[in-house]
Amino acid sequence: MNRIELLELVKQHHAHMGEVEILKLINRALDDFTTETGILKEYVDVQNTVAGQRYYTVDKCINIVNVWIDDILIPRIASVNTAMLIDDDEHVNADNALATPSSTSNERYWYTIQDDGDIKIGLVEKSNQSVKRDDTISDYQSVSETGLQIRVYMMRRAVHLLAGSSSGSTYTPEIPSMYHEALTYKAIAQGYKDPRNQQIDAAQYFDNEYQISIKKAKKRARSNNVATGVIVPHSY
């Protein structure tokens with residue numbers, strides 16, 4: 001279902017709404033749907049490591065599942081507080097940054113933070129020479145090598161649809177096509193909560209239809225698109 005078809009379905013209920021207003025509702029529904037269901041999963045090359053840099057922004061990220069550095073799958077660290085005991089603060093302003101690590105370790109870990117609305121991954125190495133600041137000692141340092149590829153497997157938000165767009169992800173929602181109509185349920189429900197065309201019973205009906213789609217999409221996302229079944233014996 002493309003942008004025009006989505007607009008036409010919503011306009012059947014809310015003829016007083018213009019394209020821009022409807023698309024705002026559709027895009028809010030798209031954000032909510034992908035966040036609630038985790039239906040969009042993708043492998044993404046983030047960037048290459050920079051020696052001494054700890055945090056890297058992952059665009060449109062909802063949740064990170066796995067991280068690879070230099071094609072090696074690395075584990076998530078068990079305790080974020082342990083990794084951040086002495087923390088390079090370049091994700092804000094490095095007013096007293098740690099020196100770039102001089103020793104290298106291949107024992108690497110990742111964790112996430114939320115900073116200024118973005119999801120960032122923190123990358124650390126087990127330090128061969130303990131990091132010290134004031135009276136605190138940490139066994140972890142920021143990555144010590146430049147130029148290593150960072151790749152993640154993540155759940156992400158979809159690209160927003162644009163008014164007047166004619167192709168690509170700005171014209172057709174990136175979620176599976178069987179859930180496109182769910183976006184109109186959410187938009188129609190929000191329209192019926194608007195005082196200009198308020199009908200609470202109708203809003204509740206379309207909210208319920210939207211939630212049914214959410215449940216189906218969650219189940220699909222959890223299964224990673226693998227169907228289950230049983231083998232039925234036959235005699236010949």
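Which residue stands opposite R108 in β6? The residue is E125. That pair is a good way into this predicted model, and the strands come before the helices here.

Start with strand β6, residues 118-133. Strand β5 covers residues 108-115. β5 and β6 pair in the antiparallel sense, over eight bridges. R108 of β5 facing E125 of β6 is one position in this pairing. The two strands form a hairpin, with two residues between them. D116 sits in that turn. Its phi is positive, at about 55°.

Now follow β6 onward to strand β7, residues 136-142. The pairing of β6 with β7 is again in the antiparallel sense, and six bridges make it. R133 stands opposite T136 in β7. β6 and β7 also form a hairpin, and two residues lie between the strands. D134 is in the turn and has a positive phi of about 55°.

β6 has a further partner in strand β2, residues 55-58. Four bridges join β2 to β6. These strands run antiparallel. Here Y56 stands opposite I121 in β6. β6 thus pairs with β2, with β5 and with β7.

Turn next to the helices. Two packed helices are described by the angle between their axes and the distance between the axes. Helix α2 spans residues 19-37, and helix α5 spans residues 200-223. They pack at an angle of about 45°. Their axes are 9 Å apart. Angles under 35 degrees count as roughly parallel, and 65 to 115 as roughly perpendicular. The pair α2 and α5 is therefore oblique. The crossing of α2 past α5 is right-handed.

Which residues make the contact? From α2 come A29, D32, F33, E36 and T37. From α5 come Y210, S213, I214, A217, K218 and A221. By class, the contact of α2 with α5 has six nonpolar residues, two polar ones and three charged ones.

Finally, consider the salt bridges. The count comes to eleven. One of them involves E19, which forms a salt bridge with R3. The closest N and O atoms of this pair are 2.5 Å apart. E19 lies in helix α2, and R3 lies in helix α1, residues 3-11. The pair links distant parts of the chain, 16 residues apart. Helix α2 therefore appears twice in this account: oblique to α5, and tied to α1 through E19 and R3.

Technical notes:
Residues are numbered from 1 along each chain as its sequence is written. This is a predicted model: local features need pLDDT of at least 70, side-chain atom pairs count only at pLDDT 80 or more; totals for chains, interfaces and linings use all residues. Side-chain values use heavy atoms; hydrogens and water are left out. Axes are lines fitted to C-alpha atoms, for helices over the stretch in contact, and angles run from 0 to 180 degrees between N-to-C directions. Angles under 35 degrees count as roughly parallel, over 145 as roughly antiparallel, 65 to 115 as roughly perpendicular and the rest as oblique. A crossing is left-handed if the near helix is turned anticlockwise from the far one by less than a right angle, and right-handed if clockwise. Contact means heavy atoms within 4.5 Å. Ala, Val, Leu, Ile, Met, Phe, Trp, Tyr, Cys and Pro count as nonpolar, Asp, Glu, Lys and Arg as charged, and the others, Gly among them, as polar. Two strands pair if DSSP finds at least two bridges between them. A salt bridge is a side-chain nitrogen of Lys or Arg within 4 Å of a carboxyl oxygen of Asp or Glu.
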